[in-house]
Amino acid sequence: MALKNLWEQERSQRLQITAERRQKVNQWKQLTQQELQLQADVLHQELSSFVTSLDNNRKLQQQQFQQEIVERQLEILQIKTDVSQRQQEYRQQRSVKAQALFQNLQNFREILHNSVWGDYSTEQPVSPTPSKEEKSVVTVPKWSISRSAIKANGFRPSANAMTKKVPALNADNTIKSKVQQYIQQAEGATLIEIEEVIGLSRVQTIDILRSLIKQGVLEQRDRQYFIRQQAISGQT
């Protein structure tokens, strides 16, 4: 009996210890579940806050991006406007420079013309150069430009009003002789005077004067042509 009572007492103690352990386990389980639920709630709240923050940041970045797009479009528009203005200014400057260049060219042509042909407001048309076979000898107009004594009774070229065709060599010699005679009588003459008195074209007059200068018969001073002293002494 004593052993049985002892065994039952130990058995009841073990059952009591087991029950206490089960109770502790259940309490621990409840506490763990509560803690997990609390952590889950906190995590859910944090996740919700994070998602909301991400959405707000996305919207803000989208607004900033759209604003930057608008600013870039305005900058591009401003650049296009500046480029258009620069192009217009460049065209205007180029037009002004072109006008100035043409004006300078016109002035240079006038200066060159005056330096070559003399300061005359009117120009006679330049007739084409005669062919090698024959040249036209034009008669003197009704009036002539001469100097000093030959204005009244001086140099008198041929009075034939028709243009004669003669061999080139003879025509050149005849015209050169007339030019040389006129310059000698007038004691110097300009290109325009020789052209009008002898009745030649501008090209013919220039060719003859150049030929006589190369031959050493004439010399040019201050846009006038004179007989060289050597040529005069040689003729005498």
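Helices and strands are here DSSP runs, of at least four and at least two residues respectively, numbered from the N terminus, and two strands count as paired if DSSP finds at least two bridges between them. The exercises below apply these terms to a predicted model.

**Exercise 1. Describe the hairpin formed by β4 and β5, and state how its turn residues are placed.**

Step one is the pairing: strand β4, residues 218–221, and strand β5, residues 224–227, run antiparallel to each other and are joined over 4 bridges. Within this ladder, glutamate 219 stands opposite phenylalanine 226, while glutamine 220 has tyrosine 225 as its bridge partner.

Step two is the turn, in which 2 residues lie between the strands of the hairpin. Aspartate 222, in the loop between β4 and β5, has a positive phi of about 55° although it is not a glycine. Arginine 223, which is placed in that loop between β4 and β5, has a phi near 65°, again a positive value in a residue other than glycine.

Step three is accessibility, for which the cut-off for exposed is over 50% relative accessible area. Aspartate 222, at 75%, is therefore exposed, whereas arginine 223, at 38%, counts as partly exposed.

Step four concerns a side chain of the hairpin: the charged end of arginine 221 sits over the ring of phenylalanine 226, at 4.2 Å from the centre of that ring.

**Exercise 2. Work out the strand order of the open sheet that contains 3 strands, and identify its edge strands.**

Begin with the second pairing of β5, in which 2 bridges join it to β3 in the antiparallel sense; alanine 189 has tyrosine 225 of β5 as its bridge partner in this pairing. Since tyrosine 225 is the bridge partner of glutamine 220 as well, this residue of β5 takes part in bridges to alanine 189 and to glutamine 220.

Next, combine the pairings: the 3 strands form an open sheet in the order β3-β5-β4, with antiparallel pairing. The edge strands are β3, residues 189–190, and β4, each of which pairs on one side only.

**Exercise 3. Identify the elements that supply the largest nonpolar core, and follow the contacts of isoleucine 183.**

The largest nonpolar core has 20 residues, and those with the most contacts inside it are Val179, Tyr182, Ile183, Ile194, Ile198, Leu209 and Leu218. At least two residues of this core come from each of α3 (168–186), α4 (191–198), α5 (202–214) and β5.

Taking isoleucine 183 as the example, and leaving aside residues up to four places away in sequence, one finds that it touches Gly188, Ala189, Ile194, Leu209, Leu218, Tyr225, Phe226 and Ile227.

**Exercise 4. Determine whether α4 is enclosed or exposed, and say what follows it in the chain.**

The cut-off for buried is under 20% relative accessible area. The residues of α4 that are buried are Leu191, Ile192, Glu193, Ile194, Glu195, Glu196, Val197 and Ile198. Because 8 of the 8 residues of the helix are buried, α4 is largely enclosed by the rest of the structure. Just after α4 comes glycine 199, with a positive phi of about 85°.

**Exercise 5. Place these details in the whole chain, and mark the segments where pLDDT stays under 50.**

First, the chain has 6 helices and 5 strands, which follow one another along the sequence in the pattern α-β-α-β-α-β-α-α-β-β-α.

Second, buried residues make up 20% of the 236 residues, and among contacts between residues at least 6 apart in sequence, 67% join residues at least 24 apart.

Third, the average pLDDT of the chain is 77, with 73% of the residues scoring at least 70. The pLDDT stays under 50 over residues 120–146, for which the model has 59 contacts beyond four places in sequence. Residues 158–168 are a further segment with pLDDT under 50, and for them the model has 23 such contacts beyond four places in sequence.

How values were computed
Residues are numbered from 1 along each chain as its sequence is written. This is a predicted model: local features need pLDDT of at least 70, side-chain atom pairs count only at pLDDT 80 or more; totals for chains, interfaces and linings use all residues. Side-chain values use heavy atoms; hydrogens and water are left out. A nonpolar core is a set of buried Ala, Val, Leu, Ile, Met, Phe, Trp, Tyr and Cys residues joined through side-chain atoms within 4.5 Å. Buried means under 20% relative accessible area, exposed over 50%, partly exposed in between (1.4 Å probe, protein chains only). Contact means heavy atoms within 4.5 Å. A charge sits over a ring if NZ of Lys or CZ of Arg is within 6 Å of the ring centre and within 35 degrees of the ring normal. pLDDT is the predictor's confidence in each residue, from 0 to 100.
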